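Me: Could you take a close look at one buried spot in this model and then walk me outward from there? I'd like one connected answer rather than a list.

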Amino acid sequence: MTTVTEMIVAVGQLVDVKFESFWIPCKITDVKNSWGVNRIQIQPLHGTGSQWVQLDRCRPATDPWAYVESVIANRRSLSA
């Protein structure tokens, strides 16, 4: 089991959180262990509000421009 002391370094990190069929970019604002389950409090990067979620609904934040940059690089290599 991970302790809150070990999890505190996650505060301020960015994650993508699954809400039904969407992945929403969020920032971790707090951590806790409730009844043996690690949970994080998140806030969306765009919009307002916060919510406690279990870690299994999160993944490390993806760079939204990484895909765009890869497409541009691919097009440049095809045209050369």
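Reply: Start with I42, which is buried at a relative accessible area of 3%. This is a predicted model, so read every value here as computed from predicted coordinates. I42 sits in strand β3. Setting aside neighbours within four places in sequence, I42 is in contact with V15, V17, F19, C26, K27, T29, G49, S50, Q51 and V53. W52 is also worth a glance from here: its C-alpha atom is 6.4 Å from that of I42, with the two residues 10 apart along the chain.

Several of those contacts turn up again in the core. The largest nonpolar core has 10 residues, namely M7, V15, V17, C26, I28, V31, I40, I42, V53 and C58. Three elements give two or more residues each to this core: β1 (14–19), β2 (22–34) and β3 (37–44). Of the contributors, β2 gives the most, with three residues.

Two of the core members are cysteines, C26 and C58, and you may wonder about a bond. Searching the whole structure turns up zero disulfides. For C26, the nearest cysteine sulfur belongs to C58 and is 7.7 Å away. That distance is too far for a bond, because a disulfide needs the two sulfur atoms within 2.5 Å. Both cysteines are buried all the same: C26 has 1% relative accessibility, and C58 has a relative accessible area of 18%. The cut-off for buried is under 20%, so C58 still counts.

Now move over to strand β1, where D16 lies. D16 is a charged residue to look at here, since at 6% relative accessibility it counts as buried. Leaving out residues up to four places away in sequence, D16 touches W23, I24, P25, R57, C58, R59, P60, A61 and T62. C58, on that list, is the cysteine we just met in the core.

R59 is the contact to zoom in on. The side chains of D16 and R59 meet in a salt bridge, at 3.4 Å from N to O, and a search of the whole structure finds one salt bridge. D16 is in strand β1 and R59 in strand β5 (residues 58–60), so the pair ties together parts that are 43 residues apart in sequence. The two partners sit in unlike surroundings: D16 is buried, whereas R59 counts as partly exposed at 32% relative accessibility.

From there, step back along the chain to the loop between α1 and β1, where G12 is found. G12 is partly exposed, with a relative accessible area of 36%. Not counting residues up to four places away in sequence, G12 touches K27 and I28. The C-alpha atoms of G12 and I28 are 5.2 Å apart, although their positions lie 16 residues apart along the chain in numbering terms. I28 takes us back to the core, as one of its members, while K27 is also among the contacts of I42.

V9 is in that loop too, between α1 (4–7) and β1. V9 is exposed, with a relative accessible area of 63%. Together with I8 and V11, V9 makes a nonpolar surface patch of about 260 Å². So the walk ends on the outside: I42 is buried at 3%, and V9 is exposed at 63%.

Conventions: Residues numbered from 1 in each chain as written. Predicted model: local features only at pLDDT ≥ 70, side-chain atom pairs only at ≥ 80, totals over all residues. Heavy atoms only, no water. Buried < 20%, exposed > 50% of the residue type's maximum accessible area, 1.4 Å probe, protein only. Core = buried A, V, L, I, M, F, W, Y, C linked by side-chain atoms within 4.5 Å. Helix = DSSP H or I, 4+ residues; strand = E, 2+ residues; numbered from the N terminus. Patch = residues over 30% accessible without salt bridge, like charges linked within 9 Å, V, L, I, M, F, W, Y side chains within 5 Å. Areas by Shrake-Rupley, 256 points an atom, 1.4 Å probe, with all protein chains shown as cover. Salt bridge = Lys/Arg side-chain N within 4 Å of Asp/Glu carboxyl O. Contact = heavy atoms within 4.5 Å.
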